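Biologist: I'd like to learn how to read a model like this one. Could you walk me through it?

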Amino acid sequence: MAETIVQIKHSLKVITNPADPRLANWRQDSRSGVQQALQQWEKQQLKLAAKRENFKTRFTFEAQQWDQGLSHVAGVDEVGRGPLAGPVVAAAVILPHDFAELDVIDSKQLSEKMRDQLFDRIIAQALSIGIGVVDATVIDDINIYEAARLAMTQAVAELAPEPDYLLIDAMTLQTDIPQLSLIKGDARSNSIAAASIIAKVTRDRMMADYDRQYPGYGFAQHAGYGTKAHLAALAELGVTPIHRRSFGPVKSVIADKK
């Protein structure tokens, strides 16, 4: 008895080898449903091949250092420069050379669900991960740019084994470790992208905790960014200890309350 179209579609979901002899047999099948299923499979394989190639390209900067014997290349990124509340968080990640999570890319391009899934996979596979956290008080003291640099420096210091080389998203650090600053590095380097995911998920979870500590501001929803809802809550409820008092909208609320 010939396979049904449903059975063939089910089989195609798990076939990845273009030399699989079943494909040749199905190509001889005159049923339009089978041919449509094969065309869809081929399109998916082309997309997957392009995805693999793009992923490989995003290891270019790491591979340049690996080829020179620098095996522990760390990607470094931070999140949280723009919000009115909460810390700036940085992560440093050393990936294994055979890391193959194709969906890893700049955290801003990913859904929350995908970030959470990749967070767990990166944690499980990374050779080393470091986290740096700089709170609102320090941000107010030294400015947000220097706070981001400090968080990155903290993250690098947490790495064990220590990195041989740093790939950093649009920043340079005061360190003896050789480094390369990459504009839009989280979209150009898998290591920086992994760091961006770790930093983003870590900070989002911190803000969810703050939401329970300081209810009414919606920190779990907007992570401290200056949304309309956040600004309204700020005007009504006032400034919390995690608000950045040097930021304009917060300054204005403090001035109005005097």
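Modeller: We'll go from overall form to one helix pair, then to some single residues. This is a predicted model, where local features need pLDDT of at least 70, side-chain atom pairs count only at pLDDT 80 or more, and totals for chains, interfaces and linings use all residues. Residues are numbered from 1 along each chain as its sequence is written, and side-chain values use heavy atoms, with hydrogens and water left out.

Biologist: Fine. How many helices and strands does the protein have?

Modeller: Eleven helices and five strands. Helices (H or I, at least four residues) and strands (E, at least two) are DSSP runs, numbered from the N terminus.

Biologist: And is the protein a compact globule or more spread out?

Modeller: For that, take the radius of gyration over C-alpha atoms and set it against the globule rule, 2.2 Å times the number of residues to the power 0.38. Here the radius is 23 Å, well over the 18 Å the rule gives for 258 residues, so the protein is more spread out than a compact globule. Along the principal axes, its C-alpha atoms fill a box of roughly 85 × 50 × 25 Å. Buried residues (under 20% relative accessible area; exposed is over 50%, partly exposed in between, with a 1.4 Å probe and protein chains only) make up 45% of the 258.

Biologist: Now helix packing. How do I read that?

Modeller: Two packed helices are described by the angle between their axes and the distance between the axes. Axes are lines fitted to C-alpha atoms, for helices over the stretch in contact, and angles run from 0 to 180 degrees between N-to-C directions. In this model, look at α5 (residues 112-125) and α8 (residues 190-213): their axes come within 9 Å and cross at roughly 115°.

Biologist: Which residues of α5 and α8 make the contact?

Modeller: With contact meaning heavy atoms within 4.5 Å, α5 brings Arg115, Asp116, Leu118, Phe119, Ile122 and Ile123, while the α8 side includes Ala194, Ile197, Val201 and Arg205. By class there are eight nonpolar, one polar and five charged residues. Ala, Val, Leu, Ile, Met, Phe, Trp, Tyr, Cys and Pro count as nonpolar, Asp, Glu, Lys and Arg as charged, and the others, Gly among them, as polar.

Biologist: Where is Ile105 found, and what does Ile105 touch?

Modeller: Ile105 is in the loop between β2 (88-94) and α5, and it's buried, with a relative accessible area of 17%. Leaving out residues up to four places away in sequence, Ile105 touches Arg58, Leu110, Asp186, Ala187, Ala193, Ser196 and Ile197. Ile197 also belongs to the α8 side of the helix contact.

Biologist: What about backbone oddities?

Modeller: Most residues other than glycine have a negative phi, and most peptide bonds are trans. In this model, the peptide bond from Ala160 to Pro161 is cis, with omega near 10°. Pro161 sits in the loop between α7 (144-157) and β4 (165-169).

Biologist: And phi? Are Lys184 and Ala223 buried or exposed?

Modeller: Lys184 has a phi near 55°, a positive value in a residue other than glycine. Lys184 lies in the loop between β5 (179-182) and α8 and counts as exposed at 61% relative accessibility. Ala223 has a positive phi of about 55° too, but Ala223 is buried at 8%, in the loop between α9 (219-222) and α10 (228-237).
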